[in-house]
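Trainee: I should like to work through this structure with you, one question at a time. May we begin?

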Amino acid sequence: MEYRKIDPSEIDALWELQKRYKAEIGEDGPEYGAKERLADAVGRESIFFYGVWSEKTLIGCCSVTVGFSTFDYKPSGVLEDFYIRPEYRHRGIARRLVRFAYGESGVSSLTVGCADCDVDMYKALGFTVPLGNLLAYE
């Protein structure tokens with residue numbers, strides 16, 4: 001297994017995982033133009049994707065969006081887009097991918113917002129500090 005930051009030239013492989021991820025969690029597929037916007041954001045480094053490859057196949061990914069926290073006056077990150085292909089789950093790959101993304105992103109803290117059904121999974125991956133409620137504004 002190889003863990004590394006996903007390069008903009010690998011957008012097609014990332015896009016396939018994005019579609020699988022959305023289908024598995026019951027979200028609608030990406031709308032027209034979404035792939036191009038994602039490629040642009042990755043190219044501009046507005047978001048960082050980290051992946052794990054088995055030979056030449058991208059089998060898992062996650063993203064980190066970096067901001068700045070006045071909690072410790074250092075960069076902080078938000079983890080999203082976390083997905084491991086089902087046939088590769090329960091092998092420790094997810095835990096290693098989160099550790100890799102955390103280390104490579106250079107953030108001092110990493111947070112994740114998740115559905116209630118995913119809380120235990122994220123706790124098992126190391127997200128153990130509760131920060132209250134996460135709410136989104138639309």
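Trainee: Which residue follows helix 3, and what is the sign of its phi?

Mentor: The model is a predicted one. Directly after helix 3 comes G106. Its phi is near 75°, and the sign is therefore positive.

Trainee: What span should helix 3 have, and how far apart are its end C-alpha atoms?

Mentor: Helix 3 covers residues 93-105, which makes 13 residues. The expected span is 1.5 Å times one less than the number of residues, so helix 3 should span 18 Å. The end C-alpha atoms agree with this, their separation being 18 Å.

Trainee: Where do the buried residues of helix 3 lie around its axis?

Mentor: The buried residues are I93, A94, L97, V98, A101 and S105. They cover an arc of only 135° around the axis, so they lie on the same side of helix 3.

Trainee: Which exposed residues does the face of helix 3 turned away from its buried side carry?

Mentor: Exposed here means over 50% relative accessible area. On the face turned away from the buried side of helix 3, the exposed residues are R99 and G103.

Trainee: Which strands do the buried residues of helix 3 pack against?

Mentor: Packing is judged by heavy atoms within 4.5 Å. The buried residues of helix 3 pack against strand 1 (2-5), strand 2 (48-54), strand 3 (57-69) and strand 4 (74-84).

Trainee: Which element supplies the largest share of the largest nonpolar core?

Mentor: This core has 21 residues, and L79 and F82 have the most contacts inside it. Strand 2, strand 3, strand 4 and helix 3 each supply at least two of its residues. The largest share is five residues, and the element that supplies it is helix 3.

Trainee: Which residues of helix 3, including A94, does F82 contact?

Mentor: Neighbours within four places in sequence are left aside, and the contacts of F82 then include Y21, C61, C62, M121, Y122 and L125. Helix 3 comprises residues 93-105. Among the contacts of F82 are also A94, L97 and V98.

Trainee: Which residues does the second, separate core include?

Mentor: In soluble globular proteins, nonpolar side chains tend to be buried together. The second core has 16 residues, and among them are W15, V42, F49 and Y83.

Trainee: Why is there no bond between the sulfur of C114 and the closest cysteine sulfur?

Mentor: A disulfide requires sulfur atoms within 2.5 Å. C114 is partly exposed, at 33% relative accessible area, whereas C117 is exposed at 68%. The closest cysteine sulfur to that of C114 belongs to C117, and it is too far away for a bond because the distance is 7.9 Å.

Trainee: How many disulfides are counted?

Mentor: The rule requires a pair of cysteine sulfur atoms within 2.5 Å. By this rule the number of disulfides is zero.

Note on methods:
Residues are numbered from 1 along each chain as its sequence is written. This is a predicted model: local features need pLDDT of at least 70, side-chain atom pairs count only at pLDDT 80 or more; totals for chains, interfaces and linings use all residues. Side-chain values use heavy atoms; hydrogens and water are left out. Helices (H or I, at least four residues) and strands (E, at least two) are DSSP runs, numbered from the N terminus. Buried means under 20% relative accessible area, exposed over 50%, partly exposed in between (1.4 Å probe, protein chains only). The arc is that of the directions from the helix axis to the C-beta atoms. A nonpolar core is a set of buried Ala, Val, Leu, Ile, Met, Phe, Trp, Tyr and Cys residues joined through side-chain atoms within 4.5 Å.
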